[in-house]
Amino acid sequence: MKGMTFETFRVDAGNRAAYDYCRRATTLDYFPGRPMLLLGPEGAGKTHLLWAIVQYVRASNVRAGLALVMASEFPDQVRHLALNPAPIQEGKPALLLVDELEAFDTDAHALEGVVKVFLANG
């Protein structure tokens, strides 16, 4: 989703806080080990902000693990982190971004395991 960047996100009074939090999350040390949850109606820009984080981190050449998962696309590589967390225990920062959280029904247990691994490893 190349067009979804911070520069193309339309900021207004209703989404300013979410935008600011997501910008700060790209520093990778602003929320050490603390989850952040974006809530809002469909079309509010939650997916846009998640993709903006991905685009920013990728473009900044920061050495960080980065996973964006959705209920419709939950890669085995991320799913298996619950069983083998070694890839995020290498000492570099890692971000887990989850979109479509409300749609994780059959994979909720697997996602919970991955989230627990991320929380346990800061």
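User: Is leucine 101 buried, partly exposed or exposed, and what is its relative accessible area?
Analyst: In this predicted model, leucine 101 sits in the loop between strand 2 and helix 4 (108-120). Buried means under 20% relative accessible area and exposed means over 50%. Leucine 101 therefore counts as partly exposed, its relative accessible area being 45%.

User: Which residues form a nonpolar patch on the surface together with Leu101?
Analyst: A residue needs over 30% relative accessible area to be part of a patch, and leucine 101 has 45%. The patch has about 350 Å² of accessible area together. The partners of Leu101 in this patch are Leu37 and Leu39.

User: Which residue has a positive phi although it is not a glycine?
Analyst: The residue lies in the loop between strand 2 and helix 4. Its relative accessible area is 27%, so it is partly exposed. The phi is about 60°, and the residue is glutamate 100.

User: What distance separates the C-alpha atoms of alanine 71 and glutamate 100?
Analyst: Alanine 71 belongs to the loop between strand 1 and helix 3, whereas glutamate 100 belongs to the loop between strand 2 and helix 4. Alanine 71 is partly exposed because its relative accessibility is 24%. Along the chain the two residues are 29 residues apart, and their C-alpha atoms are separated by 5.9 Å.

User: Why are aspartate 76 and arginine 79 separated by about one helical turn?
Analyst: The side chains of the two residues meet in a salt bridge, with an N to O distance of 3.6 Å. Aspartate 76 is partly exposed at 48% relative accessibility, and arginine 79 is partly exposed at 23%. The separation is about one turn because both residues lie in helix 3, three residues apart.

User: Which parts does the salt bridge between arginine 79 and aspartate 107 tie together?
Analyst: The side chains of arginine 79 and aspartate 107 meet at 2.9 Å, N to O. The pair ties together parts that are 28 residues apart in sequence, so the answer follows from where each partner lies: helix 3 for arginine 79, and the loop between strand 2 and helix 4 for aspartate 107.

User: Is aspartate 107 buried or exposed?
Analyst: The cut-off for buried is under 20% relative accessible area. Aspartate 107 has a relative accessibility of 19%, so the residue counts as buried.

User: Which residues are joined into one network by salt bridges that share partners?
Analyst: The count of salt bridges comes to four. One of them pairs glutamate 112 with lysine 116, the closest N and O atoms being 3.3 Å apart; both residues lie in helix 4, four residues apart. Sharing of partners joins another set into one network, namely Asp76, Arg79 and Asp107.

User: Which element gives the most to the lining of the second largest pocket?
Analyst: About 330 Å³ of space lies in this pocket. Strand 1 (65-70), helix 3 (76-79) and strand 2 (94-99) each supply at least two residues of its lining. With four residues, the element that gives the most is strand 1.

User: How many nonpolar residues has the lining of the second largest pocket?
Analyst: The lining has 17 residues, and those nearest the centre of the pocket are Leu66, Ala67, Gln77, Val78 and Leu81. By class, four lining residues are polar and two are charged, while the nonpolar count is 11.

Definitions and conventions:
Residues numbered from 1 in each chain as written. Predicted model: local features only at pLDDT ≥ 70, side-chain atom pairs only at ≥ 80, totals over all residues. Heavy atoms only, no water. 1 Å grid on protein atoms, 1.4 Å probe; cavity = no way out; pocket = protein on both sides within 12 Å on 5 of 7 lines; lining within 4 Å. Points joined across faces, edges and corners; volume = space filled by probe spheres on them. Nonpolar A, V, L, I, M, F, W, Y, C, P; charged D, E, K, R; others polar. Patch = residues over 30% accessible without salt bridge, like charges linked within 9 Å, V, L, I, M, F, W, Y side chains within 5 Å. Areas by Shrake-Rupley, 256 points an atom, 1.4 Å probe, with all protein chains shown as cover. Buried < 20%, exposed > 50% of the residue type's maximum accessible area, 1.4 Å probe, protein only.
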